[in-house]
Amino acid sequence: MALALSFGAEAKRLTHRTDSLLRQLDVAVRDEAEASADRRRRIARSITNLHNAATDSDRYNVYRTLYSLYRSYSGDSARWVAERRLEAAEATGNHARIRSASMNLAESYSLAGDYSEALHILDTIPRTDIPDFQKKYLFTLYRTIYERLSKTDAIKSNIIIYDRLQRAYTDSALQVTSKSDRDYNYLMASRLILAGNADEALKYLDLPDSLSASGRSRVLNKRAAAFHMLNQRDDEIEALAEAALADLNDGLRDYSALPSLAQLLDERGESSRAYSYIRRALEDARLCNAKSRTTEVLELIPLIDASYAEADRQRIAWLYALLGVAVALAVALSFSLRSLSKRNRTIHEVNESLKLSNRQLNDSNLQLEATNHRLAEANRERVRYITEVFDAHSGYISRMASLRGNLLKFLTSSQPAKARRLLEAEAAEEQELKELYTRFDTIFLRLYPDFIEAYNSLVREECRVNPKSASLTSELRVLALMKIGVRRSSRIAELLHYSPQTVYNYKSTLRAAMTDPAALDLWLDNPMP
């Protein structure tokens, strides 16, 4: 509890409602199974309806439902469904349906980050006899694409052009949207924010109970943008937390609220929570194959990871300080006990004084037991910390490697150069792994400075290691994990990024080096000093 309070003091105090929302979000981030299962069940029902569809018109309608389910859940599936929906629309010969399906296809390319193909499809859609509701969808797609291009482009002149186009298409969408239409308020708020009038925009961003989860998330994200412009960070965090909770409970994977919230919380000193949120956002973006969203999240990970590592270093320093105080107290109590013993021997003839000394001695013994208990707790804490560091950073390295592999697999041939540059950056992964080993060796040898000497006492002379070495060999790294309680070869292989066979070979090498193989098991079962 003291440790949590020490580091929690770095973050600014949140409102009761925001704190409650973040606690609910913590649970949703850890467990995505229920919401995801509900979405998969709805997808399965739609697929069953698709098998039962007898006409192209029926299939067109089922594909519309399927597209809405896949849209922010699986980018590849959404594109496949949009293509099939367009085929069904063309088979019916209905121009309105062809336009709608074409816009779905353009949107799926936009979600995947292929903005040029999305714009090409939109530009080829005939503009004659389009009803207002389809014009609104068309202009909204243009507006969204230029908004994303403005966020991702690094050239200032291009950003100016994209912002101008974004405002123009927002105005166009408003012109074909009735004031009774729920989207009217959202579009008005968007235009006001683009014009820098956030206070006025908030007047259009109410949250009626009838809003769907996706509609609620969209409005909350826009409210967060207004609060950001007004520099109202507490309100921005609350809006993003509520939006992220709506996204996760709806089973979505392509969203913006959770990574934005992680960045704000990291700036407030809540690095652990921010790290948990950004990891979930990256995993969902990867599963959705939302390349533009993956890029956004990857840009935030180094910043949040650095804060998380700094918090780890502070926790280690705090643990060392606690151990130092406990040891000093134990030494002081030891001297006190000696002093009390001498006093008892010199004043044994005074009965009342002897009783007083006995009471003092009993009190000191209780304090010593309490100190020993705290030392034992501190020892368990440092063991937990070592495995925690490995879990965090080993998992990070694995995800980065998996991400490169998956991106290379799913990237289309229209972006080979960009994909190859990203996937060939193996040096960063190797450096991360090297730094992971170095960090583990340094922390472990500081916490267990007699480890190498203890090992040397168990092995034959020709197998001994330099006791002053500042790093561990691969075999000793395996032995170190076994010593702190990680015995399963599969778990050791996962933490160290070795193969299970390699771990087995290292274990065999260690046992072969022992003067008495049975002594190894006894030594592993005894706690480190």
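# Close-up views of a helical chain

**Phe444 is buried, with a relative accessible area of 0%.** Here, buried means under 20% relative accessible area, exposed means over 50%, and partly exposed lies in between (1.4 Å probe, protein chains only). The model is predicted, so to speak of local features a pLDDT of at least 70 is needed, side-chain atom pairs count only at pLDDT 80 or more, and totals for chains, interfaces and linings use all residues. Residues are numbered from 1 along each chain as its sequence is written, and side-chain values use heavy atoms, with hydrogens and water left out.

**The whole chain: 24 helices and zero strands.** Helices (H or I, at least four residues) and strands (E, at least two) are DSSP runs, numbered from the N terminus. The protein chain has 529 residues, and 44% of them count as buried. About 27600 Å² of the protein chain is exposed, with carbon and sulfur atoms supplying 52% of that area; accessible areas come from the Shrake-Rupley method with a 1.4 Å probe, and for residues only the protein chains shown count as cover. Of the contacts (heavy atoms within 4.5 Å) between residues at least 6 apart in sequence, 65% join residues at least 24 apart.

**Aromatic pairs: Tyr142 with Tyr169, and Phe444 with Phe451.** Rings of Phe, Tyr and Trp (its six-membered ring) pair if their centres lie within 6.5 Å; planes under 30 degrees apart are stacked, over 60 edge-to-face, and the rest tilted. By this rule there are 12 aromatic pairs. Tyr142 and Tyr169 are stacked, because their ring centres are 4.4 Å apart and their planes lie at 10 degrees. This pair links distant parts of the chain, 27 residues apart: Tyr142 is in helix α8 (residues 132-152) and Tyr169 in helix α9 (residues 156-175). Tyr142 is buried at 1% relative accessibility, and Tyr169 is buried at 19%. The rings of Phe444 and Phe451 have centres 4.9 Å apart and planes at 90 degrees, so they make an edge-to-face pair. Phe451, at 0% relative accessibility, counts as buried.

**An aromatic cluster and the core: look for Tyr146 in both.** Phe139, Tyr142, Tyr146, Tyr162 and Tyr169 form one aromatic cluster. A nonpolar core is a set of buried Ala, Val, Leu, Ile, Met, Phe, Trp, Tyr and Cys residues joined through side-chain atoms within 4.5 Å. The largest such core has 42 residues, and those with the most contacts inside it are Leu66, Tyr70, Leu122, Tyr142, Ile145, Tyr146 and Leu149. Helices that each supply at least two residues of this core include α3 (33-52), α4, α5 (75-92) and α10 (182-194). A second, separate core of 38 residues includes Leu21, Leu205, Leu211 and Ala281. Not counting residues up to four places away in sequence, Tyr146 touches Leu119, Tyr162, Leu165, Gln166 and Tyr169.

**Helix α4, residues 56-70.** The expected span of a helix is 1.5 Å times one less than its number of residues. For the 15 residues of α4 this gives 21 Å, which agrees with the 20 Å between its end C-alpha atoms. In α4, the buried residues include Tyr60, Leu66 and Tyr70.

**Two serines, Ser150 and Ser108, and their neighbours.** Ser150 lies in helix α8 and is buried, with a relative accessible area of 14%. Leaving aside neighbours within four places in sequence, Ser150 is in contact with Ile159, Tyr162 and Asp163. Ser108 lies in helix α6 and counts as buried at 2% relative accessibility. Not counting residues up to four places away in sequence, Ser108 touches Tyr67, Ala78, Arg79 and Ala82.

**Charges over rings: Arg477 and Lys483.** A charge sits over a ring if NZ of Lys or CZ of Arg is within 6 Å of the ring centre and within 35 degrees of the ring normal. The charged end of Arg477 sits over the ring of Tyr437, 4.5 Å from its centre. For Lys483, the ring beneath the charged end belongs to Trp523, with its centre 4.4 Å away.

**Positive phi in two loops: Asn231 and His497.** Most residues other than glycine have a negative phi. Asn231 has a positive phi of about 60 degrees; it lies in the loop between α12 (213-229) and α13 (233-249) and is exposed, at 56%. His497 also has a positive phi, near 60 degrees; its loop runs between α22 (489-496) and α23 (500-513), and His497 is partly exposed at 28%.
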